[in-house]
Amino acid sequence: MAGDSYEGDTAAGGRSRGIRATGRRRRPRSGRRRAMRAAAWTVAGAVVLGGTSLGFVYFKLDGNISGVDINAALGTDRPEDVPNGSMDILVLGSDTRAGDNAKYGQDQGGARSDTAMVLHINEQHDKASVVSIPRDTLVRRPACKGDASEGNKTVPAQRAMFNSAYEVGGPACAVKTVESLSGVRMDHYLEVDFAGFKKLINTLGGVKMTTTKPIHDKNSHLNLQAGTHQLTGEQSLGLVRTRHGVGDGSDLGRIQLQQAFVKSLIDQVNSIGVFSSPKKLYDLADTATSAITTDSELDSVGDLTGMAKMLKGIKSDDIQMTTLPVQYDPANPNRVVQIDSKTDKVWRALRHDNPVPKSATKGSAGDKTDIGGVVGGKKATKAAAEEPAGR
């Protein structure tokens, strides 16, 4: 890492870097997308499943994926595209209560982004950085187009909650808001809702997590004793949604749970040996492609396979987890605001394909929020094993 200072940014958020966009530049990959390598193995899966033709299987998996044309919605008013081989992907978890998600309550006016992570894959494709954006962050939301079929438009808003961007303008507005905050062009978009997330985890056979203390949160329907668990899809959803069962009950504590879960999820994908079982591989591909919504440049099995190939060398220890540097809003303790001098360092690091410097988060509210190692993967398992008996 070249330290906390970087060259080449302009005063306008670093968007113009003297490098001209040249079409598609980066080939993405995300921890959950490792399973997308399934497309390359569908012929074996087809034989196991009774001789179904490869063409039919490919067509079925392709038809599972929902795509959104982000580029058409946003046009040319976007940060520069940097053709250096790195990639930035906005990953959203939607809290919609439509369809199979109705059991989790009613929409309060519309679906919002329950979880937001910017995934940056470095140029060498061997390291990744994840920047979590607290849903309660107050931001300047840019003007966005709503549903293109209705011609809706939204006006800019000062001090709007970050997760309202998805509510008023869908995926395109969420992407535009992130790009406006960061000066980083999002190459791709991935979204999963509650029901899709549960199905994906269940198809994987659950995710191994260790809790060093009990977690009880009636709001997220989570009830875990201390110990090591193979979390089901329902339990996993409860864990990444809980904010009252650990820490200070804030969204910042929940983000730490989500980040720990992502690392354990990657470990799980690496350990289950899906490629030794064509049927397991097909089932996982079928579930994963049904569970996600992507941008239109990722809405095919071929595109997802290319992204998965990029990801295959990245392990959980290769991922740097960061929470956007924020502080509690003096006017409303239930909201947070960005610390501009620190968030600039975060986004500058991503633009220059560098790790986020520690100084960027030191002293922020997220840095001060500590869930005390309550949950995790390998490290928490070790901590639990070393806990004195009777405690």
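In the predicted model, the side chains of D353 and H120 are joined by a polar contact of 2.7 Å. D353 is located in the loop that runs between helix 10 (340-351) and helix 11 (365-368). Its relative accessible area is 17%, so D353 falls under the 20% limit and is classed as buried. When residues up to four places away in sequence are left out, D353 touches N84, S86, H120, I121, N122 and E123. H120 therefore appears both as the polar partner of D353 and in the list of residues that D353 touches.

The chain as a whole contains 12 helices and 18 strands. Of its 391 residues, 53% count as buried. The exposed surface of the chain amounts to about 17100 Å², and 49% of this area is supplied by carbon and sulfur atoms. Contacts between residues at least 6 apart in sequence were also examined; 73% of these join residues at least 24 apart.

One disulfide was found in a search of the whole structure. The bond joins C144 to C173, with an S to S distance of 2.1 Å. C144 belongs to strand 6 (residues 144-145) and C173 to helix 4 (residues 164-182), so the disulfide ties together parts that are 29 residues apart in sequence. A disulfide is a covalent bond between the sulfur atoms of two cysteines. The torsion about the S-S bond of C144 and C173 is about 70 degrees, and the disulfide is therefore right-handed. Both cysteines are buried: C144 has a relative accessibility of 6%, and C173 has a relative accessible area of 1%.

Helix 8 (residues 278-291) was checked against the span expected for its length. With 14 residues at 1.5 Å a residue, helix 8 should span 20 Å, and its end C-alpha atoms are 20 Å apart, so the two values agree. The buried residues of helix 8 are L281, Y282, L284, A285, D286, T287, A288, T289 and A291. An α-helix has 3.6 residues a turn, so residues three or four places apart point the same way. The buried set in helix 8 includes the run from L284 to T289.

Key:
Residues numbered from 1 in each chain as written. Predicted model: local features only at pLDDT ≥ 70, side-chain atom pairs only at ≥ 80, totals over all residues. Heavy atoms only, no water. Helix = DSSP H or I, 4+ residues; strand = E, 2+ residues; numbered from the N terminus. Buried < 20%, exposed > 50% of the residue type's maximum accessible area, 1.4 Å probe, protein only. Polar contact = N/O pair within 3.5 Å; in protein donor to acceptor, adjacent residues only side chain to side chain. Contact = heavy atoms within 4.5 Å. Areas by Shrake-Rupley, 256 points an atom, 1.4 Å probe, with all protein chains shown as cover. Disulfide = S-S within 2.5 Å. Expected span 1.5 Å × (residues − 1).
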